[in-house]
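Me: Please take a close look at one part of this model, a charged pair within a helix. Then connect it to the other charged sites. Keep it brisk.

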Amino acid sequence: MSSDQKKPKGAKTRADKDRVVIFDTTLRDGEQCPGATMTFDEKLEVAELLDEMGVDIIEAGFPIASQGDFDSVQEISRRAKNSVICGLARAQAKDIDICAEAIKPAKRGRIHTFIGTSPLHRQYQMSIDEAEVLSRVTASVTRARSYTDNVEWSAMDATRTEPDFLCRCVEAAIKAGATTVNIPDTVGYATPDEFAGLIRMIVERVPGADTVIFSTHCHNDLGLAVANSLSGVVAGARQVECAINGLGERAGNAALEEIVMAIRTRSDVMPFWTGIDTTMLTRASKLVSRVTAFPVQYNKAIVGRNAFAHESGIHQDGVLKYAGTFEIMTPESVGLKESSLVMGKHSGRHAFREKLKELGYELGDNAFEDAFVRFKALADRKKHVYDEDIEALVDQEIASAHDRIKVVALTVIAGTGGPQKATLTLDIDGKQQTHESTGDGPVDATFRAIKAIVPHEARLPLYQVSAVTEGTDAQAEVLVRLEADGKTATGRGSDTDTMVASARAYVSALNKLLAREARRKPESMLAS
Ligand code: KIV
Ligand code: ZN
């Protein structure tokens with residue numbers, strides 16, 4: 001058993017050889033995908049939850065990519081209690097040196113170095129031949145090993161690499177000291193049988209294969225990421241790289257929650273196990289969805305809103321008589337609690353604090369007071385306040401805690417008569433400014449008013465509205481994505497008034513862009 005593997009309580013009867021190491025890349029591959037950028041604090045929050053949940057290895061970022069990535073990998077390394085903290089590095093000396101520096105504070109750190117091995121990557125991306133790839137594999141793994149005895153090597157685009165050459169690369173990596181060898185399906189091209197065959201071939205043919213852990217890293221371009229990863233495990237891989245909610249480049253990575261629950265639910269045909277506390281999966285999914293502002297598809301396996309909802313009469317009848325008739329796993333096993341009617345306007349601080357605890361939130365005193373005031377205001381306007389309402393409210397409170405721009409007041413004139421008009425007051429660094437704008441509809445007028453107060457060039461590639469709960473008094477949840485200089489930021493806002501929610505979402509995205517801009521050049525958009 002590798003040092004990465006920690007046996008959960010009560011797992012004595014499970015064989016170490018069947019333990020599947022869960023390597024989470026939400027903060028690296030996931031964060032890399034357009035629009036999913038997280039702030040420093042958000043990354044720490046996600047890492048803390050992954051660590052608590054039993055994730056074996058957290059790939060915390062790509063330290064050479066930016067100062068922000070370096071800082072978050074370093075801070076996560078300092079804070080992690082159980083997980084191995086991993087940083088990504090290309091097959092270049094500087095990447096590896098900086099990665100080693102970033103993971104230094106970790107109790108257990110890993111350097112993950114990679115190079116493209118396929119003919120397409122050799123010819124078009126790097127313009128190097130096979131011999132040069134082999135020499136870079138050896139040099140990069142050797143350098144990484146000079147810093148740590150926990151080194152992962154990845155053959156980028158492995159599934160489109162000539163099998164013989166792939167085997168020679170894997171052999172070189174093992175000889176140079178790699179302890180984990182990752183076989184990525186970088187472009188999501190493989191099929192389950194094919195991928196299993198590839199893993200099996202490598203395990204059988206490469207000298208020294210029995211001394212390392214083989215890993216899968218499957219992208220979801222054909223919707224086969226989870227199936228391919230599980231096939232890889234059946235064929236001999238014992239690490240799966242995955243991400244919460246399947247976040248990742250393009251169509252994403254294998255979804256962590258699906259991998260873990262498939263292994264747990266079908267242990268009859270896949271006799272493997274993981275160290276994940278599955279009752280934390282729903283919380284993790286919600287957290288990642290909140291900080292990235294990426295909504296979870298309603299019918300998404302395991303964590304979708306409908307994953308445990310039974311609509312048809314026959315199904316409902318069956319589940320009421322015996323849940324196993326239509327449920328292959330229990331909602332409790334993934335941490336799903338029945339949505340409950342929370343409280344009304346007469347509920348006090350104590351009940352509210354208890355509810356927050358039950359939903360998994362721990363707020364400091366000031367944040368708690370602000371959330372409580374907003375809860376009271378919501379309960380005044382909305383007859384029934386549900387768990388989802390509280391989550392939307394607190395998520396917004398947390399997300400906007402350090403924002404420089406805040407929505408103070410909004411009045412909108414809408415309807416058929418026109419012109420639609422918005423009068424908006426924003427608080428910017430403690431100073432209030434008001435502007436009145438007309439527009440092509442109330443949303444347009446509101447966004448124009450924001451632009452008039454905070455001039456900026458960002459484009460709006462996404463504006464999306466959904467209801468948090470049922471009923472005409474439901475809170476609207478709005479997502480706004482802004483794009484400036486090729487970078488995107490997504491904001492989320494909620495309120496029983498859709499226009500207020502829209503203004504909050506836009507301002508939230510703008511705050512994220514400003515924060516990023518300020519990190520890059522201290523004289524930010526606002527200051528100029
Ligand atoms: O998809 C991929 O090949 C990667 C590597 C860096 C492991 O993300
Ligand atoms: Zn990837």
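Is Glu-75 buried or exposed, and what is its relative accessible area?

Reply: Glu-75 is buried, at a relative accessible area of 16%. Buried means under 20%, exposed means over 50%, and partly exposed is in between (1.4 Å probe, protein chains only).

Some ground rules come next. This is a predicted model, where local features need pLDDT of at least 70 and side-chain atom pairs count only at pLDDT 80 or more, while totals for chains, interfaces and linings use all residues. Residues are numbered from 1 along each chain as its sequence is written, chains are lettered from A and ligands numbered from 1 in the order written, and side-chain values use heavy atoms, with hydrogens and water left out.

Now the partner. Glu-75 forms a salt bridge with Arg-78, at 2.6 Å from N to O. The term means a side-chain nitrogen of Lys or Arg within 4 Å of a carboxyl oxygen of Asp or Glu. Helix α3 (residues 67-79) holds both residues, and they sit three residues apart, about one turn of the helix. Helices are DSSP runs of H or I with at least four residues, strands are runs of E with at least two, and numbering starts at the N terminus. The two ends of the bridge fall in separate classes because Glu-75 is buried at 16%, whereas Arg-78 is partly exposed at 49%.

The model holds 35 salt bridges. One of them joins Asp-95 to Arg-90, at 2.8 Å from N to O. Asp-95 belongs to helix α4 (residues 93-103). Asp-95 is buried at 1% relative accessibility. Arg-90 is partly exposed at 34%. Asp-95 also has a neighbour from elsewhere in the chain: its C-alpha is 8.8 Å from that of Phe-62, 33 residues away in sequence.

Another bridge pairs Arg-266 with Asp-268, at 3.0 Å from N to O. Here Arg-266 is partly exposed at 39%, and Asp-268 is exposed at 55%. Elsewhere, Arg-122, Glu-130, Glu-162 and Arg-168 form one network through salt bridges that share partners.

Next, the metal. Asp-29 (OD), His-217 (NE2) and His-219 (NE2) are the protein donors of the zinc ion (ligand 2), at 2.0 to 2.1 Å from it. Donors are N, O and S atoms within 2.8 Å of the metal (3.2 Å for Na, K and Ca), and sites may look incomplete because water is not among the atoms. The donor spacing in sequence is D-x187-H-x1-H. Asp-29 lies in helix α1 (residues 26-30) and His-219 in the loop between β7 (213-218) and α9 (225-234), so this pair ties together parts 190 residues apart in sequence. Asp-29 is buried at 2%, and His-219 is buried at 4%.

Last, a patch. Glu-48, Glu-52, Asp-277 and Glu-362 form a negative surface patch. Patch residues have over 30% relative accessible area and no salt bridge; like charges are joined within 9 Å, and nonpolar side chains (Val, Leu, Ile, Met, Phe, Trp, Tyr) within 5 Å. Areas come from the Shrake-Rupley method with a 1.4 Å probe, and for residues only the protein chains shown count as cover. Lys and Arg count as positive, Asp and Glu as negative; His and the chain ends are not counted. A charge is placed at NZ of Lys, CZ of Arg, CG of Asp or CD of Glu. Glu-48 sits in helix α2 (residues 40-53). Glu-48 is exposed at 54%.
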